[in-house]
Amino acid sequence: SGLEHAFLWTAATGTVDLGTLGGERSGAEAINDLGQVVGHAERPGPIHTSVAVLWTPTGQAIDLGYLGESFPGFGSSRATDINNSGQVVGVSTSTPHGTRAFLWTEAGGMVDLGTLGGDRSAADAINDAGQVVGRADTSTGEEHAFLWSAATGMIDLGTLGGQSSLALGINASGHVVGRADVESGDIHAFLWTPADGITL
């Protein structure tokens, strides 16, 4: 049929279909130590809106919605990571202000993490301290890696001399990895730490 469904595999159960939100497709992106899975799934209906989803360890699919859902227009969202506190990050389109990185919590729902002065951002990872990393547009239209926390907001991690960078992972110590342009135009992996900043 060509349909795609998210799945969970364990040694005890094998491959288990996580299903959708009533639409045709879903995809899983990340899992935490509690067995909570996040990704995206289509809602039912002719528009095939795809939204961020949290699947519980019992297999329940929770629709996380998208930013600006109370505004006119069609939007979508996708969850990219979840930490062991159940905090979810990802990206949402059709927000009141453009495409944005989000943080979702059960208590607070979906929150827009903003940008670095431009119109777009996307979150790729979160650690157990609630620090979020991803990429965001600057006021000059460049895409830069960011680190976000509730205490500091969004911080520009810079580049390696080129015009763009993006952060893909963060560990428990707050060390960030990703890729960035260098002056020659090549793309290199980077490590960012609070002590040393961004380095090759």
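**Exercise 1. Find which residue is the bridge partner of V177 in β17.**

Solution. The model is predicted.
Step 1. Locate the two strands: β16 covers residues 176-182 and β17 covers residues 187-193.
Step 2. Look at how they run. β16 and β17 pair in the antiparallel sense, over 6 bridges.
Step 3. Read off the partner: V177 is bridged to L191 in β17.

**Exercise 2. State the strand order of the open sheet that contains β16 and β17, and name its edge strands.**

Solution.
Step 1. Recall the general rule: strands of a sheet pair through backbone hydrogen bonds, in either a parallel or an antiparallel way.
Step 2. Here 4 strands form the sheet, in the order β15-β16-β17-β18, and their pairing is antiparallel.
Step 3. An edge strand pairs on one side only; this holds for β15 (161-170) and β18 (197-199).
Step 4. From one strand to the next, the twist averages 30 degrees.

**Exercise 3. Decide whether D137 and R120, which meet in a salt bridge, are buried or partly exposed.**

Solution.
Step 1. Recall that side chains of opposite charge can pair when their charged atoms come close.
Step 2. Check the distance: the side chains of D137 and R120 meet at 2.9 Å, N to O.
Step 3. Place the residues. D137 belongs to strand β12 (residues 132-138) and R120 to strand β11 (residues 117-126), so the salt bridge ties together parts 17 residues apart in sequence.
Step 4. Apply the cut-off: buried means under 20% relative accessible area, and partly exposed lies between that and 50%. D137 has 8% and is therefore buried. R120 has 47% and is therefore partly exposed.

**Exercise 4. Do the same for the salt bridge between D63 and R43.**

Solution.
Step 1. The N to O distance between these side chains is 2.8 Å.
Step 2. D63 sits in strand β6 (residues 61-65), while R43 sits in the loop between β4 (37-42) and β5 (50-55); the pair links distant parts of the chain, 20 residues apart.
Step 3. With 33% relative accessibility, D63 is partly exposed. R43 has a relative accessible area of 19%, so R43 is buried.

**Exercise 5. Give the number of salt bridges in the whole structure, and describe the one between E24 and R25.**

Solution.
Step 1. Searching the whole structure gives 6 salt bridges.
Step 2. One of them joins the side chains of E24 and R25, at 3.3 Å from N to O.
Step 3. E24 is partly exposed, at 34% relative accessible area, and R25 is partly exposed, at 33%.

Methods:
Residues are numbered from 1 along each chain as its sequence is written. This is a predicted model: local features need pLDDT of at least 70, side-chain atom pairs count only at pLDDT 80 or more; totals for chains, interfaces and linings use all residues. Side-chain values use heavy atoms; hydrogens and water are left out. Two strands pair if DSSP finds at least two bridges between them. Axes are lines fitted to C-alpha atoms, for helices over the stretch in contact, and angles run from 0 to 180 degrees between N-to-C directions. A salt bridge is a side-chain nitrogen of Lys or Arg within 4 Å of a carboxyl oxygen of Asp or Glu. Buried means under 20% relative accessible area, exposed over 50%, partly exposed in between (1.4 Å probe, protein chains only).
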